[in-house]
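Let's take a walk through this structure together, one piece at a time. Keep the view open as you read, and turn it whenever a new part comes up.

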Amino acid sequence: MKAKQLAEGVYWVGAIDWNLRDYHGYTLPGTTYNAYLVVGKKHVALIDNTYPGHERQMMERIKDIVDPKKIDIIVANHVEKDHSGALPMLTKLLPGVPIYCTGCAVTGFEKHYDTEGWNFQTVKSLDKIDLGGKTLVFVEAPLLHWPDSMFTYLAEDKILFPNDAFGQHIAGWERFDDELGKEASLEHAKKFFANLIVPLAPKVLKKLDEVTKLGIPIDMIAPSHGIIWRSYVGDLLNSYVSWCNGAAKDKVTIVYDTMHHSTDLMAQSIAEGVMAEGVAVKVCLLKDGKFEGTHRSNVVTEILDSKAVLVGSPTLQDEVYPTVADFLSYLHGVRPGRLGKQKIGFAFGSHGGQGGAVRIMTRGLEAAGIEPISDGYELLYKPNAEELEKCYALGQDVARRVKMM
Ligand code: FEO
């Protein structure tokens with residue numbers, strides 16, 4: 001297995017996980033666990049490592065460059081197992097090797113592994129290590145992604161290793177953004193952002209501002225998942241700022257499930273009303289794994305750049321449909337209302353008795369920070385022509401509001 005050079009003495013030595021399809025509720029076409037080797041004149045540092053079970057790939061790639069026993073510095077930017085899973089093996093291979101990490105990370109590692117004998121070296125922002133012509137500078141980045149997270153910056157080569165930030169879940173032969181292409185690279189970064197970074201958006205903006213004020217030039221961003229940014233760094237940073245600020249299009253996302261196609265008819269009429277106003281609409285039918293459908297992680301990606309979110313469900317035993325409950329729970333975790341600009345929405349659905357799902361979904365929208373523009377629309381059994389007209393008018397109304405936002 002081969003390493004990939006980023007710059008003189010700097011190599012990607014990560015692992016490709018071709019087969020991963022679900023990662024904490026997120027669908028993905030595989031991923032990579034990126035690790036980087038920095039070879040200085042005095043020291044050899046390994047920045048981050050791999051998920052347990054993928055150590056062999058990383059070690060083979062390291063051997064392509066140096067004898068792994070020459071590694072005398074380990075940098076651990078983040079505790080989560082996808083970037084630290086090789087530490088038990090590495091600390092056996094390299095007894096006493098210093099592990100540079102934040103103070104908070106030490107507590108995290110002690111909870112994850114038997115760390116007896118591990119040589120932690122805690123660092124704070126702007127602490128440095130000279131590897132001999134290669135200087136690593138650390139920047140604490142709490143909650144990007146966990147409290148222990150930090151970024152590492154390689155000064156001479158102007159490479160930022162920000163761990164999860166700026167990552168994407170994708171498995172492929174491509175290591176660099178220009179190999180995958182700008183559009184595809186940003187699309188994968190967008191899904192990653194929509195699912196994992198939205199809850200952290202205010203902290204991301206603050207950190208970007210902090211890094212900008214440090215005045216450190218960044219030629220390359222080498223995250224811990226996916227491709228490495230070298231040709232589209234500016235596009236990526238602009239996209240992050242724009243996503244954090246809640247920039248959205250004149251677009252409505254309708255997400256729903258249906259029991260006997262009544263809520264489905266409502267969704268379709270609402271969508272027609274939206275389209276009649278010249279506003280973009282994305283219609284997402286949630287289904288469980290036995291049927292083709294739109295996965296929650298794709299729906300929240302659609303929501304990222306939508307100004308309005310409409311949620312539909314039949315009432316099932318006084319509750320929302322299970323797939324919609326799953327979606328609302330996930331949406332609550334992501335809480336797109338935390339972004340810089342307000343999103344609006346409403347709930348709709350049919351019922352065969354007392355109803356109730358619309359009330360629950362309206363609360364779910366509020367909990368996710370999306371402003372309900374009404375108490376929603378709930379109807380009995382199958383919608384008749386007049387009720388479908390009302391759905392159409394509701395679609396027109398939300399579209400008009402979207403154009404005013
Ligand atoms: Fe990719 Fe927070 O781990």
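Keep in mind that this is a predicted model. A good place to begin is the second largest pocket, whose lining is made up of His 24, His 145, Asn 195, Leu 196, Pro 199, Leu 200 and Tyr 330. Sort those lining residues by character and you get 4 nonpolar, 3 polar and no charged. As for the room inside, the second largest pocket holds about 170 Å³ of space.

Now move over to strand E8, which covers residues 44-47. What sits on its two faces? Val 44 and Leu 46 point to one side, Ala 45 and Ile 47 to the other, and all four of these residues are buried, so both faces of E8 are covered.

E8 also has partners to look at. Strands pair up in a sheet through backbone hydrogen bonds, and they can do so parallel or antiparallel. With strand E7 (residues 36-39), E8 pairs in the antiparallel sense, over 4 bridges. One spot to find is Val 38, whose bridge partner in E8 is Ala 45. Getting from E7 to E8 takes a hairpin of 4 residues.

Strand E9 (residues 73-75) is another partner, and here E8 and E9 run parallel, joined by 3 bridges. Look for Leu 46, which has Ile 74 in E9 as its bridge partner. Put E8 and E9 together with helix H1 (residues 55-63) and you have a right-handed β-α-β unit.

Further along there's an open sheet of 5 strands, with mixed pairing and the order E12-E13-E14-E15-E16. Which strands stand at its edges? They are E12 (128-130) and E16 (220-221); each has a single partner strand, so one side of each has no neighbour in the sheet. Within this sheet, strand E13 (residues 135-140) and strand E14 (residues 150-154) run antiparallel, with 5 bridges joining them. To see one of these contacts, find Glu 140, which has Met 150 in E14 as its bridge partner.

Last stop: the cysteines. How many disulfides does the structure hold? The count is 0. Take Cys 391, which is in no disulfide: the nearest cysteine sulfur belongs to Cys 284 and is 17 Å away. A residue is called buried when its relative accessible area is under 20%. Cys 391 has 0% relative accessibility, so it counts as buried. Cys 244 is buried too, with a relative accessible area of 3%.

Definitions and conventions
Residues numbered from 1 in each chain as written. Predicted model: local features only at pLDDT ≥ 70, side-chain atom pairs only at ≥ 80, totals over all residues. Heavy atoms only, no water. 1 Å grid on protein atoms, 1.4 Å probe; cavity = no way out; pocket = protein on both sides within 12 Å on 5 of 7 lines; lining within 4 Å. Points joined across faces, edges and corners; volume = space filled by probe spheres on them. Nonpolar A, V, L, I, M, F, W, Y, C, P; charged D, E, K, R; others polar. Pairing = 2+ DSSP bridges. Helix = DSSP H or I, 4+ residues; strand = E, 2+ residues; numbered from the N terminus. Disulfide = S-S within 2.5 Å. Buried < 20%, exposed > 50% of the residue type's maximum accessible area, 1.4 Å probe, protein only. Right-handed = clockwise from strand over helix to strand, strands pointing away.
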